[in-house]
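Work through the following exercises with the sequence and the model at hand. Each task is followed by a solution in steps.

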Amino acid sequence: MRTLGLGVLLLFVFFQPLVWITSGSGGPALTINLHSSTTIHINRSETAQQKCEVCIGSFCQSSVTLPNGLVSVVFSCLQPEDIFIVEIIRHIVCTHTCNGAITPEEYPSLQNFSRTFTWNVRALVQETFRLDFTTTGLQQIRPTESCQDKHVYSVSTGTTRLGIFCRHGTIKEMQVLNEGTVSLWVPGNRQLVTATFGVSLGQEITSLGIINITLPAENSSQEFFSPNYPDSFPDDDVIMWSFHVPPKYYATVHILNHTEPRCRRKDARLEYQLNGRTVVKKLNEAQLSEHPGPFNLSLQNCKKDTGPPSSSLSLQFRVSATRRSSEVRCNVDLTKEEGLLIHIKKKKPTSACILKLNSHAQETVTIRSEKTSYLSFIDCLEQDLLLTINKTLACPQQTNCLFSGVSLKVPALEKCLLGVLEQVTWHLYASQHGTVELMSPMGGLRQLLPGQTCNGSAFLTVSEDEPQGITVGQFCPQGPIQKVQIRVTNLTVSACPNGNDLRKISYPLLNVSFTKMIGESYIFTVLPKKDMAVLLATPAWPAGMRPHSTVSWIVTFSSKVQAHVGFSNISRLTCQNRYACIKVQKQGSWDHLYSWKEDEKPKDIVVKESFYLNMSNCMPLKGAFSVVSQITLQTSKDVLVNIIISVVILLLLLLIISTVVCVIRKKKKQKASMVSVYNPNGHVFLPGLHGIPQTTEDEDFHIYHCIDDTLVYGHLLKDGMKINQFEEPTVDVYRDFNRPVDRRLLTQEREVEVPEVGLYRPFIGPQDPPIVPHSCRQQGGNLASKDHQTDEKRISGDSYVQDQSPPTPDLHRAPIEDSEKEDTKIGM
């Protein structure tokens with residue numbers, strides 16, 4: 001039986017490389033059959049407190065390296081797995097070729113020990129070897145972290161540890177310069193999970209190593225650490241991470257933690273290789289964001305200063321990948337522009353829109369002139385971005401800056417440039433003793449006060465940059481202000497949309513001229529319209545004008561209207577010296593029509609001629625000087641009186657004409673005598689039957705227009721025969737017509753003399769015919785412009801009727817039309 005038991009035991013030892021054997025001292029004993037390419041170290045743990053030794057034969061010590069072949073090992077304690085750790089080392093040398101798969105070899109009897117599998121790989125000088133983890137994949141972790149399956153990998157080169165990793169990650173490959181070490185640590189009482197990785201020669205590199213990462217085709221986020229983290233990265237060395245980003249995914253790099261050394265030479269930095277170009281970033285700067293496609297990230301250390309205090313380079317960063325549905329790329333070429341800046345910002349920072357400039361994602365982007373910028377808009381809508389433009393317009397000569405005719409227009413933008421243009425600002429720089437003159441090409445300006453709205457597509461804000469940076473005022477297009485002159489060095493004009501995008505405005509908003517210095521701080525040229533109230537506020541209203549500044553409004557209008565000037569809002573102030581005053585005076589005269597000081601109560605006035613409205617500020621001790629004036633043009637009283645007189649005269653004239661017509665028609669109703677009258681001009685007619693012939697322009701002036709039946713005396717002969725007052729005259733005797741009827745002015749009626757009866761006399765025409773209105777009356781002229789000449793004219797016949805009876809509606813329109821025409825002349 002003893003022989004059979006010993007044979008079974010020897011057979012078991014022969015087939016097992018390692019077997020537990022109980023020693024005479026009570027500790028376990030094992031036998032290992034070790035291959036020639038593998039080395040096993042059994043070392044005492046540094047944290048172990050119990051005394052225990054490992055013995056090979058009679059030689060016992062705290063650590064032992066097992067020789068090749070069959071080896072018997074005995075421990076002096078009952079639980080050596082709590083005191084000793086096992087390291088299984090294999091050496092791989094790559095010469096001309098080095099292709100193969102490496103799989104860790106498990107020793108079942110060592111599963112109770114904490115064990116480390118180490119592969120030392122060495123290549124020729126200046127050669128690299130490649131570690132292929134495609135089948136397993138690695139994920140970098142902190143040195144203090146652990147993996148879920150308790151299998152922890154470590155990759156080092158020389159004395160530098162590239163990182164600590166777990167399985168099932170995105171790191172698919174590593175390239176290590178010259179020589180390196182791959183280790184796999186498995187805790188005790190844990191079965192080894194065999195995973196194969198490949199080893200091969202790699203391409204020549206100049207960095208410490210290259211780590212290749214393939215990001216998954218899903219939204220992901222992973223952390224990476226610099227070599228030796230958290231300890232210092234080696235001086236003047238480089239490590240590279242190479243990222244492969246799947247299609248339609250965008251990668252972003254965030255620095256989570258870093259330390260920087262005090263450099264003696266060069267600088268610690270990050271370098272990105274993007275589509276064949278290199279972008280250098282400092283560790284404290286914003287890094288790559290929302291980049292599509294592959295990119296390389298290199299960490300470059302400097303030559304550190306060894307003096308105190310000690311410093312080191314360490315880096316912890318995160319790479320995130322996000323799927324995006326759309327991308328718009330835009331190249332903005334401003335190489336031919338001067339003084340132009342375009343600012344783009346996200347309307348909502350939390351939106352999904354990604355804004356990138358030169359492959360770098362930013363919340364705000366600034367595009368500068370004289371260069372080309374590369375923009376990307378990822379998952380962006382037009383309304384997600386806001387655009388502002390700044391344009392600088394400076395004098396070519398600061399000492400003598402005079403030029404005009406420069407139009408302020410919204411710059412044309414690239415169609416691919418997304419965003420809503422919310423503001424355009426022009427910075428105007430005049431000479432030291434110059435004036436900026438602003439004119440609207442769209443029919444003047446209207447001052448915009450709080451509570452008012454603009455009916456145009458944009459409104460303008462005019463501000464002084466120096467000395468206090470005050471706002472002169474806001475203005476809308478199409479108003480009574482024809483010109484604005486400001487004595488200033490730096491002026492800013494901003495255009496904001498009135499509910500629409502400024503990009504749709506193609507016409508000039510203002511015309512700018514740089515002129516000679518004016519005497520006032522501000523001059524406004526105003527052409528108000530009739531019956532339309534104009535509000536004029538002092539510059540910087542309601543904050544108040546600058547101390548000792550002056551402003552003048554040149555108000556011009558027609559002489560047929562008068563201006564009602566009121567001061568609806570005047571602030572209260574106390575002056576330190578001099579007075580704050582308001583003066584109104586006629587244009588071309590030094591006489592003041594109205595004057596006000598800050599200690600007086602303002603009153604409304606009426607000005608009948610074009611005038612100057614002047615205001616000057618003092619040095620306020622308390623309060624501020626701000627005024628809102630209201631100007632309304634109304635028809636002048638003199639013109640109204642003339643219109644009333646003209647209307648009264650016209651009504652009287654119509655009354656007289658109506659009376660005369662009625663009398664004539666009444667006489668025509670009487671029965672006319674059949675008497676033939678000889679007319680040497682060839683017109684034969686019967687008085688009383690044909691009426692009044694119409695006047696023709698081709699008849700001579702001495703021919704009768706008509707012969708009224710009241711001027712024919714045939715009925716007198718007939719009546720005379722009845723009463724036997726005269727003898728019947730001789731008839732049917734031809735007598736010549738002696739002369740033409742005198743053309744006399746029909747100014748008054750004369751009594752008709754009764755001719756002698758019984759004696760035939762030649763017909764010599766009527767002596768004084770009654771007043772008869774002209775039947776072909778022409779349209780009258782402007783009554784309002786002629787009524788002051790009525791009393792001086794001689795009222796006579798047709799001319800009176802023609803000049804004094806225009807259609808009634810023109811009476812009401814005449815003053816307005818004249819005023820408008822006069823306004824047009826003034827504006828021109």
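**Exercise 1. Which side chain makes a polar contact with the side chain of R324? Describe the surroundings of R324.**

Step 1. The side chains of R324 and E290 make a polar contact at 3.2 Å. A polar contact is a pair of N or O atoms within 3.5 Å; within protein, one must be able to donate a hydrogen and the other to accept it, and residues adjacent in sequence count only if both atoms are side-chain atoms. The model is predicted: local features need pLDDT of at least 70, side-chain atom pairs count only at pLDDT 80 or more, and totals for chains, interfaces and linings use all residues. Residues are numbered from 1 along each chain as its sequence is written, and side-chain values use heavy atoms, with hydrogens and water left out.

Step 2. A polar atom of the R324 side chain also lies 3.3 Å from the backbone oxygen of A352.

Step 3. Place R324 in the fold: the residue sits in the loop between strand 28 (314-323) and strand 29 (327-333). Strands (E, at least two residues) and helices (H or I, at least four) are DSSP runs, numbered from the N terminus.

Step 4. R324 counts as buried because its relative accessibility is 12%. Buried means under 20% relative accessible area, exposed over 50%, and partly exposed in between (1.4 Å probe, protein chains only).

Step 5. List the contacts (heavy atoms within 4.5 Å). With neighbours within four places in sequence left aside, R324 touches K248, Y250, E290, A352, I354, I378 and D379.

**Exercise 2. How many disulfides does a search of the whole structure find? Characterise the pairs C52 and C77, C55 and C60, and C147 and C166.**

Step 1. The search finds eight disulfides, each a pair of cysteine sulfur atoms within 2.5 Å. A disulfide is a covalent bond between the sulfur atoms of two cysteines.

Step 2. In the disulfide of C52 and C77 the sulfur atoms are 2.0 Å apart. This link is left-handed, with -80 degrees about the S-S bond. C52 is in the loop between strand 3 (38-44) and strand 4 (54-56), and C77 in the loop between strand 7 (69-75) and strand 8 (84-93), so the bond ties together parts 25 residues apart in sequence. C52 is buried at a relative accessible area of 4%, and C77 is buried at 5%.

Step 3. C55 and C60 are joined with a sulfur separation of 1.8 Å. Their S-S torsion is about 110 degrees, so this disulfide is right-handed. C55 is buried at 9% relative accessibility, whereas C60 is partly exposed, with a relative accessible area of 32%.

Step 4. The sulfur atoms of C147 and C166 lie 1.8 Å apart in a disulfide, which is left-handed with -95 degrees about the S-S bond. C147 belongs to the loop between strand 12 (138-141) and strand 13 (152-157) and C166 to strand 14 (residues 160-167), so the pair ties together parts 19 residues apart in sequence. Both C147 and C166 are buried.

**Exercise 3. Which cysteine sulfur is nearest to that of C581, and how far away is it?**

Step 1. The nearest cysteine sulfur is that of C575, 9.2 Å away, and C581 is in no disulfide.

Step 2. C581 counts as buried at 15% relative accessibility.
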